[in-house]
Amino acid sequence: MRLTAGLDAVRDAGKTTEPPDQPGLVDATIFDILGNERRRACLHCLAEHEGALSVSALGKQVARAVADAEADSDELYDSVYISLCQTHLPKLDAVGLVEYEQNRKRVRQGPRFDAIRDQFEAARTTEKQSSDGIRAETIVPILTVAIGAAAILSPPAARTVLLFGLVAIHVFVLIFVSTSPFTISH
């Protein structure tokens, strides 16, 4: 049986907490934590830094990460800073993902941060794989247009060859994408 700590550990979140003695986090807790954009941005920023950060510096980074073009940056920073101090950091501290020193307004990775770090590493690996190569979703439409245009402009005997080639490319791509271990469902 795997021992876990859930969101019930948040009840004493008004002060710096000691994480429960239990070693893991339940999936529901991780989903809840990652279900909030500001908490995700906060954890992502902390994943990039090994040492402690001031809540002010973290708030600026989180505000930049969640900002949209129409947001007033000063108002957004104020909102992010307050929500970090009052809600998000105490919640993350209570489950051991961060160590939040409320009196010094400092935060660092907590003893259970590795449970979330794996999520960020998986996301980075997926982003890198998708940006490293040319994707089938990009190649197939280009080839379709090029071969279709060539088929229209070519003599009737060549059209048949070109159209069979187009079908063969589509079948090849479908087979490759369905058997590739790196495919990601969107």
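**A small sheet, a helix across it, and a nonpolar patch**

Strands S4 and S5 form a hairpin, with four residues between them. Within that turn, Lys105 has a positive phi of about 55°. The model is a predicted one.

Start with the two arms of the hairpin. S4 and S5 run antiparallel, and four bridges join them. One pair to look for is Val98 with Gln109: Gln109, in S5, is the bridge partner of Val98.

Now turn to the other partner of S5. Strand S5 covers residues 106-109, and S3 pairs with S5 over two bridges, again in the antiparallel sense. Take the residues of S3 in turn. Leu53 stands opposite Val107 in S5. Ser54 stands opposite Arg106 in S5.

Put the pairings together. The result is an open sheet of three strands, with antiparallel pairing and the order S3-S5-S4. Which strands are at the edge? They are S3 (53-54) and S4 (98-101), as each pairs on one side only. A helix also belongs in this picture. Helix H2, residues 37-48, packs on the sheet. H2 touches S3, S4 and S5. The direction of H2 makes about 75° with that of S5.

Next, move along the chain to helix H7. This helix spans residues 156-179, and Val167 has its place there. What does Val167 make together with Val171 and Ile175? These residues make a nonpolar surface patch of about 260 Å². To find the patch in the model, start from Val167 in H7, then look for Val171 and Ile175, which complete the patch.

Conventions
Residues are numbered from 1 along each chain as its sequence is written. This is a predicted model: local features need pLDDT of at least 70, side-chain atom pairs count only at pLDDT 80 or more; totals for chains, interfaces and linings use all residues. Side-chain values use heavy atoms; hydrogens and water are left out. Patches are made of residues with over 30% relative accessible area and no salt bridge: like charges are joined within 9 Å, nonpolar side chains (Val, Leu, Ile, Met, Phe, Trp, Tyr) within 5 Å. Accessible areas come from the Shrake-Rupley method with a 1.4 Å probe; for residues, only the protein chains shown count as cover. A salt bridge is a side-chain nitrogen of Lys or Arg within 4 Å of a carboxyl oxygen of Asp or Glu. Two strands pair if DSSP finds at least two bridges between them. Contact means heavy atoms within 4.5 Å. Axes are lines fitted to C-alpha atoms, for helices over the stretch in contact, and angles run from 0 to 180 degrees between N-to-C directions.
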